[in-house]
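This report describes one protein model, with attention to its sheet, its helices and a few backbone details. The sequence and structure follow.

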Amino acid sequence: MEWKRDWGLTGRIVLTGFLLLILYIVFMGILLFLFPTASYWLFVILAVGMASVQYFFSDKLVLWSTGARVLEKDEYPELHQTVEKLCKEADLPIPKIAIMQSPVPNAFATGRSPKHAVVACTDSIMRLLTKDELEAVLAHELAHVKNRDILTMTMASFIAMIASMIMQSFFFSAMLGGRNREGSGGTIIIWIVSIVVYAVSTLLILALSRYREFAADRGSALITKNPKALMSALSKISGRMDAVPPEAKAKIEAANAFFIIPAISGRSFMELLSTHPPLEKRIANLEKIEAEMHGY
């Protein structure tokens, strides 16, 4: 397999990481300005602590948010064999394999590096897809691992999650009348800053995620040499999404940026904010890749 570095993806990862660093510094700087009596080292420890949690526990954070369980060696032997075969083809260390009990047919990869990666899929996707289609989906997730784009996505998602929690905290507190007028100026500034941080981190997620999906689709085609299988799998998964109960999708929507197909059904305003490119564009891109592979 000839694997070429995608410099477009690499550039986006570096830029996103740099902007996330700036976002961190600005966020902590504003908190320090609003709470001048607090120790400077307290904010340094807080920033380092947050970054460390994301780096060392990124896989556990995503697994926890999705309810995925890491499998033992003797569980789902065929799934283990498929992943091992694909890893050999992609020249990757064998990752941990996890399973999600969910009616939403999906898969994702997480981890800070190829040596600390986890590839997960739902039990429903294993029933929905053929062997070749499931292999193509797993190869897509392994392409994310090989492209090393997972950690940046996890960090961006974590910052967005923290900002969202702060926004909701102030909103519900205000609704319940929990804020008095004293010091309200500072709390309003924190709330506004949280909104800005959430918006910027979300835009960074969108900018990186849509491109990385195209790159992972290409990676799957290179690993399996069967882009048609991924085209078929994407169509099946997308078609099944409309039949999945909304409450089932709501349980895992926080991890949409990591899934091969986001848990969003129908054509709506939410698709404009989707972390993934439209299905039609992904299939058209795979058709081009297939033509390249066959020399026409």
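A residue is called exposed when its relative accessible area is over 50%, and buried when that area is under 20%. By this cut-off Arg148, at 55% relative accessibility, counts as exposed.

The model is a predicted one, and the protein chain averages a pLDDT of 84, with 87% of the residues scoring at least 70. Over residues 265-272, however, pLDDT stays under 50, and for that stretch the model has 10 contacts beyond four places in sequence.

**The sheet**

Four strands form an open sheet with mixed pairing, in the order S1-S2-S4-S3. Its edges are strand S1 (69-70) and strand S3 (107-111), each of which pairs on one side only. The pairings between the strands are set out below, each with one pair of bridge partners.

| Strands | Sense | Bridges | One pair of partners |
|---|---|---|---|
| S1 and S2 | antiparallel | two bridges | Val70 and Ala98 |
| S2 and S4 | parallel | five bridges | Ile99 and Cys121 |
| S3 and S4 | antiparallel | five bridges | Ala109 and Val119 |

Strand S2 covers residues 96-100, and it pairs in the parallel sense with S4, whereas S3 and S4 run antiparallel and are joined by a hairpin through five residues.

How many of the residues of S4 are buried? Six of the six are, so S4 is largely enclosed by the rest of the structure. In a regular strand the side chains alternate between the two faces of the sheet. In S4 both faces are covered, with Ala117, Val119 and Cys121 buried on one side and Val118, Ala120 and Thr122 buried on the other. Two of these residues also appear as bridge partners, since Cys121 is paired with Ile99 and Val119 is paired with Ala109. Helix H5 (residues 131-147) lies across S3 and strand S4 (117-122), and runs at about 25° to S3.

**Helix H3**

Helix H3 (residues 77-90) has 14 residues, which at 1.5 Å a residue should span 20 Å, and the distance of 20 Å between its end C-alpha atoms agrees with that expectation. The buried residues of H3 are Leu79, His80, Thr82, Val83, Leu86, Cys87 and Ala90. These residues cover an arc of only 165° around the axis, which means that they lie on the same side of H3. On the other side of the helix, Glu78, Gln81 and Lys88 are exposed. Asp91 follows H3, and its phi is positive, near 60°.

**Positive phi values in the loops**

Most residues other than glycine have a negative phi. Against that background, Arg148 has a positive phi near 55°, and its place is in the loop between H5 and helix H6 (150-175). This is the residue with which the description began, exposed at 55% relative accessibility. Where is Lys225 found? Lys225 is found in the loop between helix H7 (184-224) and helix H8 (227-241), and its phi is likewise positive, near 55°.

Conventions
Residues are numbered from 1 along each chain as its sequence is written. This is a predicted model: local features need pLDDT of at least 70, side-chain atom pairs count only at pLDDT 80 or more; totals for chains, interfaces and linings use all residues. Side-chain values use heavy atoms; hydrogens and water are left out. Two strands pair if DSSP finds at least two bridges between them. Contact means heavy atoms within 4.5 Å. Axes are lines fitted to C-alpha atoms, for helices over the stretch in contact, and angles run from 0 to 180 degrees between N-to-C directions. The expected span of a helix is 1.5 Å times one less than its number of residues. Buried means under 20% relative accessible area, exposed over 50%, partly exposed in between (1.4 Å probe, protein chains only). The arc is that of the directions from the helix axis to the C-beta atoms. pLDDT is the predictor's confidence in each residue, from 0 to 100.
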